[in-house]
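Let's take a friendly tour of a protein and its ligand. Have the picture open while you read, and follow along one stop at a time.

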Amino acid sequence: MSEERPILAAPDPERISRVREMFGNIEGRYDFLNRLLSLRRDVSWRRFAVRRMRFPQTRRFLDVATGTADLAVEAVRHHREIGAVGIDFVPGMIEGARHKVGGAGRIRLLQGDALALPFADGSFDVAAVAFGIRNMPDRLGALREMARVVVPGGQVMVLEMHLPEIPVVRPCYRFYLCRILPRLAGALSGNPEAYQYLSESIVAFPPPRVFSEIMRSAGLEAVECHSLTLGVTCLHIGNKPGR
Ligand SMILES: C[S@@+](CC[C@H](N)C(=O)[O-])C[C@H]1O[C@@H](n2cnc3c(N)ncnc32)[C@H](O)[C@@H]1O
């Protein structure tokens, strides 16, 4: 019965477990559909974020909700001196990431929850989440956890999809999101519910200015928002006070 209501309408514990199950079911086609549906923009969005990362102290990067580890892979490719940890609460995603990354190397992968990161305070120079925080009902809690595990002066980054704010673009993109994407991706993935949820979760996600305020409420300062591809995606950056 409860499976019939939209994921976003479910109470938080049910929503979290359905999101978990959903990502467990789409792992196999996840990368392919990301590239197709974003026309490979997702690759350049992650690259944009990685180029803004700084590693002056620990030389360690945390990729929260790593999925198939695309952000961690891009980070170690660009910053030759660092090691990365990718964490995700879906075992299938971590397996897919291990398959991509291989056994040895500079990326360590762990199963775990973004809301209870298994790291000491100040363990990383940078903690980032790409296209993950939208799926977490407690966004403030997730940001506070990321802020906790970075060093004073360290960076917290969020790469996330928004409804564009440009007047002509907004209705066109909304049409694509709500009418085209769920049908196309639903057919290709065999999981229409997942892509219906993707559209609904983007529409329901706070606009960039509101999200910047949530970053500040998490104790971050010098908060910046970089609008990418007409505002379809934004890179939010905040610094942990100190140093
Ligand atoms: C849309 S995917 C993004 C994956 C990857 N970061 C990327 O750039 O493609 C969202 C990921 O967030 C993970 N996730 C959602 N909530 C989480 C949580 N509370 N803790 C850890 N991972 C979570 C999901 O399992 C999924 O792999």
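## A pocket full of charge

This is a predicted model, and we'll begin at its second largest pocket. The lining there splits into eight charged residues, two nonpolar ones and no polar ones. Look for R35, R40, V43, R46, R47, D70, V73, E74, R77 and K100, which line this pocket. The space inside comes to about 150 Å³.

Which elements give two or more residues to this lining? They are α2 (41–51) and α3 (70–78). Of the elements, α3 gives the most, with four residues.

How do you find a gap like this in the first place? Rolling a probe the size of a water molecule over the atoms reveals where empty space remains.

## Around the ligand

Now head over to the ligand, which has 18 residues around it. Coming nearest are Y30, A65, D88, A114 and A130. Sorted by class, this shell holds 10 nonpolar, five polar and three charged residues. Helix α1 (residues 12–37) gives the most to the shell, with three residues.

Some contacts here are worth zooming in on. On the backbone side, an N or O atom of A65 sits 2.8 Å from a nitrogen atom of the ligand. A polar backbone atom of A114 is 2.9 Å from a ligand nitrogen. R46 joins in with its side chain: an N or O atom there lies 3.0 Å from an oxygen atom of the ligand. You've met R46 already, as one of the residues lining the second largest pocket.

How much of the ligand does the protein cover? On its own, the ligand has 600 Å² of accessible area, and the protein covers 97% of that.

## Stepping back

Zoom out and take in the whole protein chain. You can count eight helices and seven strands in it. Its C-alpha trace spans about 45 × 40 × 35 Å along the principal axes.

Does that fold up like a compact globule or not? A compact globule with 243 residues would have a radius of gyration near 18 Å, and the protein chain has 17 Å, so the two agree.

Definitions and conventions
Residues numbered from 1 in each chain as written. Predicted model: local features only at pLDDT ≥ 70, side-chain atom pairs only at ≥ 80, totals over all residues. Heavy atoms only, no water. Near = heavy atom within 4 Å. Polar contact = N/O pair within 3.5 Å; in protein donor to acceptor, adjacent residues only side chain to side chain. Areas by Shrake-Rupley, 256 points an atom, 1.4 Å probe, with all protein chains shown as cover. Nonpolar A, V, L, I, M, F, W, Y, C, P; charged D, E, K, R; others polar. 1 Å grid on protein atoms, 1.4 Å probe; cavity = no way out; pocket = protein on both sides within 12 Å on 5 of 7 lines; lining within 4 Å. Points joined across faces, edges and corners; volume = space filled by probe spheres on them. Rg over C-alpha atoms; globule rule 2.2 N^0.38 Å.
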